[in-house]
Structures are given as structure tokens and as C-alpha cells.
Amino acid sequence: MTKGLATELFKLLDEERTAIKAADFDSLAPLSDAKVALFDELSSISATKTEFVRIQMQLAENQALLAAAIAGVNAARGRIAALQNIREGLAVYDQSGQMAPVPTRRPELEKKA
């Protein structure tokens, strides 16, 4: 692998990792396009095993970071959905085992003199 291509690829993977950690997901699409172009070049050039191992390690780290970010977003969505369900009313099981809604009333404000 040429030294310039390796340096450019490692720099790009570092930028991707930084963007993921900063939750700057909008910048990942252009980085992805550049990464695809570099991998196309990489396929036509021979590289050493250590370079491929380093690339594989950086890719695995970025993939793990993305998976953690996705899991975090899904967890937040679940918490938001649970809060919305509570606001709409509580659902409990009745004596027959069916779900029965129990409306939650918001306390009315009373003005006291």
C-alpha cells in the first residue's frame, strides 16, 4: 500500500471516529463516500498484513461506536415513548386479565385567598 493512501485512510477513519463520538452524524455521509473511494483504490494495491490488521481494528472500533450510538438512540426513544404513555393514561390489567386504561388526571389549580 502506498504510504499516502494508508495515511489518508487512517486519517479518514480517525475523522469518522471523532464525528461519531461528537454525535456529528451529518458529517458521516461525506466521510463514507470518501471511505468507499479509498477502499476502491485499496483493492488494486497490495498492502502488508499489519496495515490490513490496523485498518480492520479501526473499522471494528468505529462500528462498535456506531452500534453504541444506535443503541443509545433506541433507548432514549423507548424512554420517551414510556413517558408519553404515562401522560396519556395508565394501563393496568383488570380482574379478567384484560388491559384496562386508567386515566390520569392532572391536578386542577385552585386559587385560594
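Reader: Which residue in β2 stands opposite Tyr93?

Author: This is a predicted model. Strand β1 covers residues 90-93, and strand β2 covers residues 99-102. Tyr93 has its partner in β2, and that partner is Met99.

Reader: Which residue in β2 stands opposite Leu90?

Author: β1 and β2 pair over 4 bridges, in the antiparallel sense. Look across from Leu90 into β2, and the residue there is Val102.

Reader: How many residues lie between β1 and β2 in the hairpin, and which glycine in the turn has a positive phi?

Author: The two strands form a hairpin with 5 residues between them. One residue in the turn has a positive phi of about 90°. That residue is Gly97.

Reader: Which residue follows α3, and what is its phi?

Author: Helix α3 spans residues 49-88. Gly89 comes after the helix. Its phi is positive, near 145°.

Reader: How far does α3 reach from its first C-alpha to its last?

Author: α3 has 40 residues. At 1.5 Å a residue, the expected reach is 58 Å. The model comes close to that, with a reach of 58 Å.

Reader: Which residues of α3 are buried, and which helices do they pack against?

Author: The buried residues in α3 are Glu51, Ile55, Gln58 and Asn62. They pack against two helices, α1 and α2.

Reader: Why does Asn62 count as buried?

Author: Asn62 lies in helix α3. Buried means under 20% relative accessible area. Asn62 counts as buried because its relative accessibility is 2%.

Reader: With which side chain does the side chain of Asn62 make a polar contact?

Author: Leave aside the neighbours of Asn62 within four places in sequence. Asn62 is then in contact with Leu13, Glu16, Arg17 and Ile20. The polar contact joins two side chains at 2.6 Å, and the partner of Asn62 is Glu16.

Reader: Is Glu16 buried or exposed?

Author: Glu16 is in helix α1. Not counting residues up to four places away in sequence, Glu16 touches Leu28, Leu31, Lys35 and Asn62. Its relative accessible area is 8%, so Glu16 is buried.

Reader: Which helix supplies the largest share of the largest nonpolar core?

Author: The largest nonpolar core has 13 residues. Those with the most contacts inside it are Leu9, Leu28, Leu31, Leu38 and Ile55. α1 (3-21) and α2 (28-43) each supply at least two residues of this core. The largest share, 8 residues, comes from α1.

Reader: Which residues is Leu38 in contact with, leaving aside its neighbours within four places in sequence?

Author: Leu38 is among the residues with the most contacts inside the core. It is also one of the buried residues of α2. Its contacts, with those neighbours left aside, are Leu5, Glu8, Leu9 and Leu12.

Reader: How far does α2 reach from its first C-alpha to its last?

Author: α2 has 16 residues. The expected reach at 1.5 Å a residue is 22 Å. The helix in the model is close to that, at 22 Å.

Reader: What arc do the buried residues of α2 cover around the axis?

Author: The buried residues in α2 are Leu28, Leu31, Lys35, Leu38 and Leu42. They lie on the same side of α2, because they cover an arc of only 85°.

Reader: Which exposed residues does the face of α2 turned away from its buried side carry?

Author: The buried residues of α2 pack against α1 and α3. The face turned away from that buried side carries exposed residues. They are Asp33, Asp40 and Ser43.

Reader: What separates the C-alpha atoms of Ile45 and Leu28?

Author: Ile45 is found in the loop between α2 and α3. At 26% relative accessibility, Ile45 counts as partly exposed. Along the chain, Ile45 and Leu28 are 17 residues apart. In space, their C-alpha atoms are separated by 25 Å.

Reader: How far apart in space are Ala47 and Glu15, C-alpha to C-alpha?

Author: Ala47 is found in the loop between α2 and α3. Its relative accessibility is 22%, so Ala47 counts as partly exposed. Ala47 and Glu15 are 32 residues apart in sequence. C-alpha to C-alpha, they are apart by 22 Å.

Notes
Residues numbered from 1 in each chain as written. Predicted model: local features only at pLDDT ≥ 70, side-chain atom pairs only at ≥ 80, totals over all residues. Heavy atoms only, no water. Core = buried A, V, L, I, M, F, W, Y, C linked by side-chain atoms within 4.5 Å. Buried < 20%, exposed > 50% of the residue type's maximum accessible area, 1.4 Å probe, protein only. Contact = heavy atoms within 4.5 Å. Pairing = 2+ DSSP bridges. Expected span 1.5 Å × (residues − 1). Arc of directions from axis to C-beta. Polar contact = N/O pair within 3.5 Å; in protein donor to acceptor, adjacent residues only side chain to side chain.
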